[in-house]
Every structure is written in structure tokens, then in C-alpha cells.
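Here's a quick look at one chain, from its overall layout down to its charged pairs. Keep the model open beside you while you read.

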Amino acid sequence: MPLFNRHSTETTRTPPQTTTTTSSSRGLFGKRSSTPEQVTTTSRSGGSRFFHRSEDPSITAARQRVAGAEAAERDADQARFQARAAVRNAREQVKVLEREAAEEARLAKIKQNQAHSISKRAKPLGRHDRV
């Protein structure tokens, strides 16, 4: 089994070994600890975590709540972007309708003026019918 190959043909899993130690000396970052720590050593093929401290359930629950809140924020942002796009499209459509209505009104006014002009020309016609 190669040392650094992540995908080996043989996968061996060993059960985790749990040790409880009480340390009163300085830790890795100069912190003193006098409480018992539970350290689980796992050797998984392809795994990158060798030391895993057991987490408090309230920490796990808080982490899940934060992850849920982040997901909800992402969903809200996406909904906001979609709403803005819908508003932008609606305004654009209204502007197109206003331009079309203005053009139709302009054409209707031209038609009305032409009809009025023709009507004025047609008034004197038929004067021979009056006796």
C-alpha cells in the first residue's frame, strides 16, 4: 500500500483508539489545561483528520443552526436578485407598452386630422341637390 496514494486498492480501516489524558502542562499554543481531554485517533485511508475531539452536542447544534442561517441568507439573496430582475423586466415591458400606445395615439391623431380635412373638403359637395 503506497504511503501517499489516496485511492489504494486495499482499504484498511482500524477502529478508533480513544485515550483520556489529564494534562497540566502547557499545550501546543502555550495554553494550560487541567481538564481531561478525550482525543480520538483515527487512521482512515484518504482521511485528513487524525485527531478528533468529541464535540459537545450544543456546539454541534449551534454549528448546524449557523449553517442553516447561512443557507437561508443565500436563498434570500437569490430570491432578492430574482425579484429585482422581475421588477426590471416588468418596468421594461411597461415602457414598451407606453411607447406603443404613444405611437398608436400619434397615428390616431394623424388619421383624425386627415379625416377632418377630408370632411371639410366634402362639405361643399352636393350643393346642387339643394333647391
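The chain has one helix and three strands. Keep in mind that this is a predicted model. Walk along the sequence and the order you get is β-β-β-α, so the strands come before the helix, as that pattern lays out when read along the sequence. The helix, H1, covers residues 57–122.

How much of the chain is buried? Buried residues account for 4% of the 131 residues. The accessible surface adds up to about 12500 Å², and carbon and sulfur atoms supply 54% of that. As for contacts, take those between residues at least 6 apart in sequence: 22% of them link residues at least 24 apart.

Now for the charged side chains. Side chains of opposite charge can pair when their charged atoms come close. How many salt bridges does the chain have? The count is three, and here they are with their N to O distances.

| Salt bridge | N to O distance |
|---|---|
| Glu55 and Arg63 | 2.4 Å |
| Arg80 and Asp77 | 3.7 Å |
| Glu103 and Arg106 | 2.7 Å |

Let's start with Glu55, which reaches Arg63 with 2.4 Å between the closest N and O atoms. Glu55 has 40% relative accessibility, so this residue counts as partly exposed.

Next comes the pair made by Arg80 and Asp77, whose side chains meet at 3.7 Å, N to O. That counts as a salt bridge because the cut-off is within 4 Å. Where do these two sit relative to each other? Both are in helix H1, three residues apart, so about one helical turn separates Arg80 from Asp77. Arg80 has a relative accessible area of 38%, which makes it partly exposed. Asp77 is partly exposed too, with a value of 33%.

Further along there's Glu103 with Arg106, where the closest N and O atoms are 2.7 Å apart. Which element holds them? Both lie in helix H1, with a spacing of three residues, or about one turn of the helix. Are these two side chains' residues buried, exposed or in between? Glu103 is partly exposed at a relative accessible area of 35%, and Arg106 is partly exposed at 43% relative accessibility.

To pull the helix part together: Arg80 and Asp77 are about one helical turn apart in H1, and Glu103 and Arg106 are likewise about one turn apart there.

Key
Residues are numbered from 1 along each chain as its sequence is written. This is a predicted model: local features need pLDDT of at least 70, side-chain atom pairs count only at pLDDT 80 or more; totals for chains, interfaces and linings use all residues. Side-chain values use heavy atoms; hydrogens and water are left out. Buried means under 20% relative accessible area, exposed over 50%, partly exposed in between (1.4 Å probe, protein chains only). Helices (H or I, at least four residues) and strands (E, at least two) are DSSP runs, numbered from the N terminus. Contact means heavy atoms within 4.5 Å. Accessible areas come from the Shrake-Rupley method with a 1.4 Å probe; for residues, only the protein chains shown count as cover.
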